[in-house]
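Let's take a walk through a protein chain together. Have a look at the sequence and the fold first, and then we'll go through some of the details.

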Amino acid sequence: MINRFPAFTAVAAALVFAFCNNAGKLEVLPYVPVVVFSGTINSDQISWPGNIDYPNRCYLSNDTMMMYFYSQDYQEHPWQGDQLRLEIFHPDSVFIITHSVIFHLSRYGTGSTNLTYDVSPSDTESGSFGISMKIGSFAMQNGAAVSLTNIGVTPQSSGMGTLPAVITNGTITGKVE
């Protein structure tokens, strides 16, 4: 049989060799997050880079930017760590504020109860809960750089836990997938 694709075969063989160690086990490539959230919750410094099983995401879904952030220790069985979901739509040119974003944070393994926090556009009516962030770089297009700074969130606690939380000095850096 004649190999019609010798270059492809050579590249495929090199890749297989590169990803296998001497014992024949597949080596895991290092996880590099596409986007990262960091900041302060109450007085605790946090960074949510995601992990190999729950990678951070930043992508477009119709006219909404979907962002998912996970703590490095996040897992589902048993539930542990932090998960943040942001849905951004109709951002202004300099700031993203409560009327154009949905914020949902779940914190697992913080004692006997799990904690959930939310901010949605309807929270602009009460003024008690809100979110704001300054745009450094943000475009609703694939491959665009994302840089959001001065993130501040005063979310409403919901679910079983009622511990208050305030996020300050938050940043998001990365790119749209």
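Let's start with a charged pair tucked away from the surface: arginine 107 and aspartate 82 are both buried. Keep in mind that you're looking at a predicted model. The side chains of arginine 107 and aspartate 82 meet in a salt bridge, with 3.0 Å from N to O. Arginine 107 belongs to strand E8 (residues 101-108) and aspartate 82 to strand E6 (residues 79-88), so this pair ties together parts of the chain that are 25 residues apart in sequence.

How many salt bridges are there by this rule? The count comes to three. Another one pairs glutamate 177 with arginine 57, and here the closest N and O atoms are 2.9 Å apart. This pair links distant parts of the chain: glutamate 177 sits in the segment after strand E13 (167-175), arginine 57 sits in strand E3 (residues 57-61), and their positions lie 120 residues apart in the sense that they are 120 residues apart. Are these two buried or exposed? Something in between: glutamate 177 counts as partly exposed because its relative accessibility is 36%, and arginine 57 counts as partly exposed because its value is 34%.

There's also a salt bridge between arginine 85 and glutamate 87, whose closest N and O atoms are 2.8 Å apart. Arginine 85 has a relative accessible area of 24%, so it is partly exposed. Glutamate 87 has 18%, and the cut-off for buried is under 20%, so glutamate 87 is buried.

Now for the greasy bits. The largest nonpolar core has 32 residues, and Met67, Phe103, Leu148 and Ile172 touch the most other members. Which strand gives the most to this core? That would be strand E11 (residues 145-154), with four residues. A second, separate core has six residues, including Tyr54, Met66, Tyr68 and Tyr74.

Zoom in on phenylalanine 103 for a moment. Leaving out residues up to four places away in sequence, phenylalanine 103 touches a whole list of others, among them Leu84, Leu86, Tyr117, Val119, Ile131, Val153 and Ile167. Charged residues turn up on that list too: Arg85 and Asp118 are also touched by phenylalanine 103. You've met Arg85 already, as the salt-bridge partner of glutamate 87.

Next, the aromatic rings. The structure holds nine aromatic pairs. In one of them, the rings of tyrosine 74 and tyrosine 108 have their centres 6.3 Å apart and their planes at 55 degrees, so the pair is tilted. Where do these two tyrosines sit along the chain? Tyrosine 74 is in the loop between strand E4 (64-70) and strand E5 (75-76), tyrosine 108 is in strand E8, and they are 34 residues apart. Both tyrosine 74 and tyrosine 108 are buried. Ring pairs also link Tyr54, Tyr70, Tyr74, Trp79 and Tyr108 into a cluster. Two members of that cluster, Tyr54 and Tyr74, are included in the second core as well.

Let's turn to how strands line up. Strand E1 (residues 35-41) is joined to E13 by six bridges, and the two run antiparallel. If you want to find a spot where they meet, look at serine 38, whose bridge partner in E13 is threonine 171. E11 is joined to E13 by six bridges too, and this pair also runs antiparallel. Here you can look for alanine 145, whose bridge partner in E13 is lysine 175.

Finally, a few quirks of the backbone. Histidine 77 and proline 78 are joined by a cis peptide bond, with omega at about -5 degrees. You'll find proline 78 in the loop between E5 and E6.

Histidine 90 isn't a glycine, yet it has a positive phi of about 50 degrees. Histidine 90 lies in the loop between E6 and strand E7 (95-97), and it counts as exposed because its relative accessibility is 56%. Asparagine 150 also has a positive phi of about 50 degrees without being a glycine. This time the residue is found in a strand: asparagine 150 is part of E11. Its relative accessibility is 53%, so asparagine 150 counts as exposed.

Note on methods
Residues are numbered from 1 along each chain as its sequence is written. This is a predicted model: local features need pLDDT of at least 70, side-chain atom pairs count only at pLDDT 80 or more; totals for chains, interfaces and linings use all residues. Side-chain values use heavy atoms; hydrogens and water are left out. A nonpolar core is a set of buried Ala, Val, Leu, Ile, Met, Phe, Trp, Tyr and Cys residues joined through side-chain atoms within 4.5 Å. Buried means under 20% relative accessible area, exposed over 50%, partly exposed in between (1.4 Å probe, protein chains only). Contact means heavy atoms within 4.5 Å. A salt bridge is a side-chain nitrogen of Lys or Arg within 4 Å of a carboxyl oxygen of Asp or Glu. Rings of Phe, Tyr and Trp (its six-membered ring) pair if their centres lie within 6.5 Å; planes under 30 degrees apart count as stacked, over 60 as edge-to-face and the rest as tilted. Two strands pair if DSSP finds at least two bridges between them.
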